[in-house]
Amino acid sequence: MKSEVFYDELAKQGFELSEQQKSQFKRYFELLVEWNKHINLTAITEEDEVYLKHFYDSLAPVLQGYLTNQPIKLLDIGAGAGFPSLPMKILCPQLEVTIIDSLNKRINFLTVLAEELELEGVRFYHGRAEDFAHDKSFRAQFDLVTARAVARMQVLSELTIPYLKTNGKLIALKASNAEDELSQAKNALTLLFAKVVENLDYQLPNGDPRTLTIVEKKKETPNKYPRKAGLPNKRPL
């Protein structure tokens, strides 16, 4: 997907990018490739692939109507090089974005990226999701949590649900619809007082299958969750 095709696809769906937004995506791509020579940010570095599999793919929650340009508090867990939250931030500048990542080198990249792209209302924190979730400044403070290819739902739910306000939603971006994954997550979701409210299958413009899983938090998360760092992965609920 060339950059011009990317712009055209968004325009078809009602998102006409300004020159500033186009330049932000262009600079994002340049910095991603530049920094990727020194730290491992992504295996995808070809321009066509970045615009399709990183930028366009990250915009799914907006393009599918789950997110609009308004000042809601969004947390992105394990965003790596800023996906999916920062492409959404470019498209919806009013979003208030927080990213937590366990690798400080990635946080350094994101800090430089945000400065170069002149993004306001973004915050980056180095650490483990399990730890920040017990901090009152973060716990139950967000309207939305996004996660793209981070972990299976059984694990992901414990890492993300505690951050949500009651009735807040987790939007999980998945490569494909794994019914067995949701079946295995039933116990975890029950313990965390959360429920899958929608599972949407769709395709990228090149035909690649994708799924958005929307999970809603129904009640306050019990204080014991998430468990200590590493435990959700080692012993899923």
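Contact here means heavy atoms within 4.5 Å. In this predicted model, helix α6, residues 104–116, lies across strands β2 (96–101) and β3. The helix runs at about 165 degrees to β3.

The protein chain as a whole has eleven helices and seven strands. Its C-alpha trace spans about 45 × 35 × 30 Å along the principal axes. The radius of gyration is 17 Å. A compact globule of 237 residues would have a value near 18 Å, so the chain agrees with that expectation. Of the 237 residues, 52% count as buried. Contacts also reach far along the sequence. Among those between residues at least 6 apart, 70% join residues at least 24 apart.

The seven strands form an open sheet with mixed pairing. Their order across the sheet is β3-β2-β1-β4-β5-β7-β6. Strands β3 (122–126) and β6 (194–203) are the edges, and each pairs on one side only. From one strand to the next, the twist averages 20 degrees.

Both parallel and antiparallel pairs can be followed in detail. Strand β1, residues 73–77, runs parallel to β4, residues 142–148. Three bridges join these two strands. In one of them, L74 of the pair has L144 in β4 as its bridge partner. Strands β6 and β7 run antiparallel and are joined by nine bridges. Here L200 stands opposite L212 in β7. The hairpin of β6 and β7 has five residues between the strands. Within this hairpin, G207 takes a positive phi near 100 degrees. In a regular strand, side chains alternate between the two faces of the sheet.

Helices pack on the sheet as well. Helix α3, residues 47–58, touches β4, β5 (164–174), β6 and β7 (209–217). Its direction makes about 160 degrees with that of β4.

Helix α2 covers residues 19–36 and has 18 residues. From its first C-alpha to its last, α2 reaches 26 Å. This is close to the 26 Å expected at 1.5 Å a residue. The buried residues of α2 are Q21, Q24, F25, Y28, F29, L31, L32 and N36. Several helices help to cover these residues, including α1 (3–12), α3, α5 (85–91) and α6. An α-helix has 3.6 residues a turn, so residues three or four places apart point the same way.

Helix α8, residues 153–160, is mostly covered. Eight of its eight residues are buried. They are M153, Q154, V155, L156, S157, E158, L159 and T160. The list includes polar names, among them Q154, S157, E158 and T160.The salt bridges come to a count of 15. One of them joins the side chains of K2 and D48, with N and O 3.6 Å apart. This pair links distant parts of the chain. K2 lies in the segment before α1, and D48 lies in helix α3, 46 residues apart. K2 counts as exposed because its relative accessibility is 51%, and the cut-off for exposed is over 50%. D48, at 29%, counts as partly exposed.

A second salt bridge lies within one helix. E30 pairs with K26, and the closest N and O atoms are 2.7 Å apart. Both residues belong to helix α2, four residues apart, about one turn of the helix. E30 is partly exposed, with a relative accessible area of 29%. K26 is also partly exposed, at 47% relative accessibility.

A third salt bridge joins E216 and K218, whose closest N and O atoms are 3.5 Å apart. E216 has a relative accessible area of 13%, so this residue is buried. K218 counts as partly exposed, at 39% relative accessibility. Elsewhere, salt bridges that share partners join K26, R27, E30 and E116 into one network.

Definitions and conventions:
Residues are numbered from 1 along each chain as its sequence is written. This is a predicted model: local features need pLDDT of at least 70, side-chain atom pairs count only at pLDDT 80 or more; totals for chains, interfaces and linings use all residues. Side-chain values use heavy atoms; hydrogens and water are left out. Two strands pair if DSSP finds at least two bridges between them. Axes are lines fitted to C-alpha atoms, for helices over the stretch in contact, and angles run from 0 to 180 degrees between N-to-C directions. The expected span of a helix is 1.5 Å times one less than its number of residues. Buried means under 20% relative accessible area, exposed over 50%, partly exposed in between (1.4 Å probe, protein chains only). A salt bridge is a side-chain nitrogen of Lys or Arg within 4 Å of a carboxyl oxygen of Asp or Glu. The radius of gyration is taken over C-alpha atoms; the globule rule is 2.2 Å times the number of residues to the power 0.38.
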